[in-house]
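Visitor: Hello! Could you walk me through this protein, and tell me how the terms are defined as we go?

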Amino acid sequence: MARHVNIPVFIPNLGCPYKCVFCDQREISGSKFSLSDVRETISKALSTVEPDAEREIAFFGGSFTGIGDRLMTSLLDIAQEFISGGEIGSIRLSTRPDMIDAHILGILSRYSVRTIELGIQSVDDRVLSASNRGHAAAVSYEACRMVREYGFDLVGQMMIGLPESTPASERETAEMICRSGAVGARIYPAVVLRGTEMERMSGAGEYSPVTVEDAVSRSADLIEIFDRHGVAVLRVGLCASDGLSEGDAVGGAYHPAFGEMARGEVFRRRIEERLEALGAYGASRADIFVPKGAVSAAIGQRRANAEALRSKFNINTLKIIENPQLIGYNINVSLSAQEK
Ligand code: SF4
């Protein structure tokens, strides 16, 4: 299967009228944006992509459908040029649920837009209100329904650890994304950025930021929900391309390896479950097989998972080994009573 590559085009948050408590709105002030730069950005990115990759232009970074029809269609026209030239297969964009309606979806339908990512964040109205998100959960339900009705692929983006958020409301948000027929999801733990309302709230004792450890466990719960429903988790945690450097984070769940830690927690749980079921206590050796590319996540940061499991089950030697035949979060365990 051809590798999927997103060609990201970051849209500044032009004139965003909202004031979400977690947003530092850096890109709103002083952002320069020119259409000719967009063409160049795409061409440059294309030159680094292998020829047989499945390529998609991804308008990320702002609320794409809230930038005004004129700019939106100009950007879509540029993307469509690359599609007509055979260099790009389709278009993906991210936006707010309250910036989806029949008029917008009608415009998007005229272009090769395949995927719409919605920043749902939470389906708990208390969380949306405390985060000053500017709309209620009902708007997200309707936006998801319409995106699917118009035949687009839906990706739900959600946050954990927002003000008033609980593990239960986060699980409900993930379930809602699955029920909406989404093909993918992104999980972003709340990070307190310098200069945000959330920083003030946290300083005033009105908000307790989620710790990295707690956020890892809550994200693992969500990954398990998405995995059960066959919804691909496209991202867990922020990364450098989200414009976040370590210095900007003053609290909350920021860790450069956050995604790997959350995936590692899912593997740790599954391995623990299997070892329990097999009655692995006191085994001389356990060989744990995990899918390709998952060894480092499964072993954990500084071997934390491997050591915790080895010590809990009193196993002499515990090895985590790649098995390319396994996929997703599937694992296999082989136990030896006596080490050879
Ligand atoms: S996160 Fe909220 S405030 Fe920030 S750009 Fe998006 S909609 Fe605007």
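Guide: Gladly! The main sheet is open and holds 7 strands in the order E1-E2-E3-E4-E5-E6-E8, with parallel pairing. This is a predicted model, where local features need pLDDT of at least 70, side-chain atom pairs count only at pLDDT 80 or more, and totals for chains, interfaces and linings use all residues. Residues are numbered from 1 along each chain as its sequence is written.

Visitor: What makes strands E1 and E8 stand at the edges?

Guide: Strand E1 (4–10) and strand E8 (232–236) each have a single partner strand, so one side of each has no neighbour in the sheet. Strands are DSSP runs (E, at least two residues), numbered from the N terminus, as are helices (H or I, at least four).

Visitor: How do you know that E1 and E2 pair?

Guide: Pairing requires that DSSP finds at least two bridges between two strands. E1 and strand E2 (residues 54–60) are joined by 7 bridges and run parallel, so they pair by that definition. Across this pair, proline 8 stands opposite alanine 58 in E2.

Visitor: How do you know that domain 1 and domain 2 are in contact?

Guide: Two residues are in contact if their C-beta atoms, placed from the backbone, lie within 7 Å. By that rule, 6 residues of domain 1 are in contact with 5 residues of domain 2. The bounds, 4–256 for domain 1 and 264–336 for domain 2, come from an automatic or database domain assignment. Taken over C-alpha atoms, the domain centres are 33 Å apart.
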